[in-house]
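Open the structure in your viewer and keep the selection tool at hand. The stops below go from the whole chain to a pair of helix contacts and then to a single residue.

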Amino acid sequence: MATAAVAQASTVDSALQEKAAGPLKIPLLAPTSTSRPKERAALTPEQQQKYDVLLEQVKAWTEIPSTKGKAGPLTDSERFWLTKECLLRYLRATKWVEKDAEKRLLETLTWRREYGVEDLTADHISPENETGKQVTLGYDKEARVCHYLNPGRQNTDASPRQVQHLVYMVERVIDIMPPGQETLALLINFKSSKSRSNTAPGIGLAREVLHILQHHYPERLGKALIVNMPWIVTGFFKLITPFIDPLTREKLKFNEDMSQYVPTEQMWSEFSSGKLEFEYDHATYWPALISLCRERREARWKRWVAGGQQLGESEDYLAGAADVGVEGPVSNGVPDKVEKKVEEKVEEKKEPVPAPVEIAPAAAAEQPKAEPAPAA
């Protein structure tokens, strides 16, 4: 862990050195030293019980339903996705009703299969991001990854790929979330450009995006910071507000001094009071982002395999912040806790060996005497 941290810090230093020589063109790899996630509240006994019930329900699944020919048993990548924190996010989103959380989880897994979330590729999405209309850059004061939306840099007409673009980028943000943080900071800059003065998306597109984010990425939005709101965008937000759930509305901040949420040294200078000089160059940024996300995702996957491929694994363990997973230390590829449970079940199933029957001396005397062999 220490070696990985040193390597990461070294890479961050390199990025900052590049910044000193000119505008930064690649993602930052870590939050500032003073940016830290809030400590998670411990589960109450009742919440723990509800989580345990949901975990057992999920473990009992035999098939993910689909009406589009995608039905089938859980895949390893889906088991990997079903972390402890994932289940807790769905419990919180359904007010701790286990059956509702299970229903929502199944709906999301069905959607992920039918939408093809894991099939979206960097090459397919790349044309959408050539102008830098979405940029993952820096971290806020609670170590949330900052994801910028720049509608003024729109370069394509409305299409399904525009929505796929957002889904793909949210998945990449999740790839690089630091340990202890499971939400993102969305920074939306409605600044117009020479080629685009109306930066408000269409109502239909906005409703589709809201549905996806609220239903399939619950409890993932930490803050939404919005600046340069022209009158037409203000009217647009009034139109879509009824479709935004109350908890999400509380996280929206409009035209405020955003330095109270994001360190200025990690806030893009085009946004509010940011001091980070960043220049979007697709040929440089895009492969750097994809490579970073792949490395982080592969590291998590390796730890998941090393931990015994547990359904309900800890995201902190997967991110390298804990030495052991939810099932404890692993020996010969099997978590010790799991091996002990298996041994206990085997012992329970063993039939007791009957004790030998001893014949009392008196009883022995009553036994009939063998007749002598007949004479020859």
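Before the first stop, a word on axes: they are lines fitted to C-alpha atoms, for helices over the stretch in contact, and the angles between N-to-C directions run from 0 to 180 degrees. Two packed helices are described by the angle between their axes and the distance between the axes.

**The whole chain**

Select everything. This is a predicted model. The chain holds 14 helices and seven strands. Of its 376 residues, 43% are buried. Take the contacts between residues at least 6 apart in sequence: 74% of them join residues at least 24 apart.

**H2 and H4**

Now select residues 45-59, which form helix H2, and add residues 84-93, which form helix H4. The axes of H2 and H4 come within 10 Å and cross at roughly 110°. Angles of 65 to 115 degrees count as roughly perpendicular, so H2 and H4 are roughly perpendicular to each other. Their crossing is right-handed. To see the contact itself, show the side chains of Lys50, Tyr51, Leu54, Leu55 and Val58 on H2, and of Lys84, Leu87, Leu88 and Leu91 on H4. The residues of this contact divide into seven nonpolar, no polar and two charged.

**H2 and H5**

Keep H2, hide H4 and select residues 98-115, which form helix H5. How do the axes of H2 and H5 cross? They come within 10 Å and cross at roughly 40°. H2 and H5 are therefore oblique to each other. H2 passes H5 in a right-handed crossing. On the H2 side, the contact is made by Lys50, Val53, Leu54, Gln57 and Val58; on the H5 side, by Glu98, Ala101, Glu102 and Leu105. These residues divide into five nonpolar, one polar and three charged.

**Threonine 94**

Bring H4 back and select threonine 94, in the loop between H4 and H5. Is threonine 94 buried or exposed? Its relative accessibility is 10%, and buried means under 20%, so threonine 94 counts as buried. Next, show tyrosine 90: the side chain of threonine 94 reaches the backbone oxygen of tyrosine 90 at 2.7 Å. Finally, add Asp100, Ala101 and Arg104, which threonine 94 touches when residues up to four places away in sequence are not counted. Ala101 was also on show at the previous stop, as one of the H5 residues in contact with H2.

Notes:
Residues are numbered from 1 along each chain as its sequence is written. This is a predicted model: local features need pLDDT of at least 70, side-chain atom pairs count only at pLDDT 80 or more; totals for chains, interfaces and linings use all residues. Side-chain values use heavy atoms; hydrogens and water are left out. Helices (H or I, at least four residues) and strands (E, at least two) are DSSP runs, numbered from the N terminus. Buried means under 20% relative accessible area, exposed over 50%, partly exposed in between (1.4 Å probe, protein chains only). A polar contact is a pair of N or O atoms within 3.5 Å; within protein, one must be able to donate a hydrogen and the other to accept it, and residues adjacent in sequence count only if both atoms are side-chain atoms. Contact means heavy atoms within 4.5 Å. Angles under 35 degrees count as roughly parallel, over 145 as roughly antiparallel, 65 to 115 as roughly perpendicular and the rest as oblique. A crossing is left-handed if the near helix is turned anticlockwise from the far one by less than a right angle, and right-handed if clockwise. Ala, Val, Leu, Ile, Met, Phe, Trp, Tyr, Cys and Pro count as nonpolar, Asp, Glu, Lys and Arg as charged, and the others, Gly among them, as polar.
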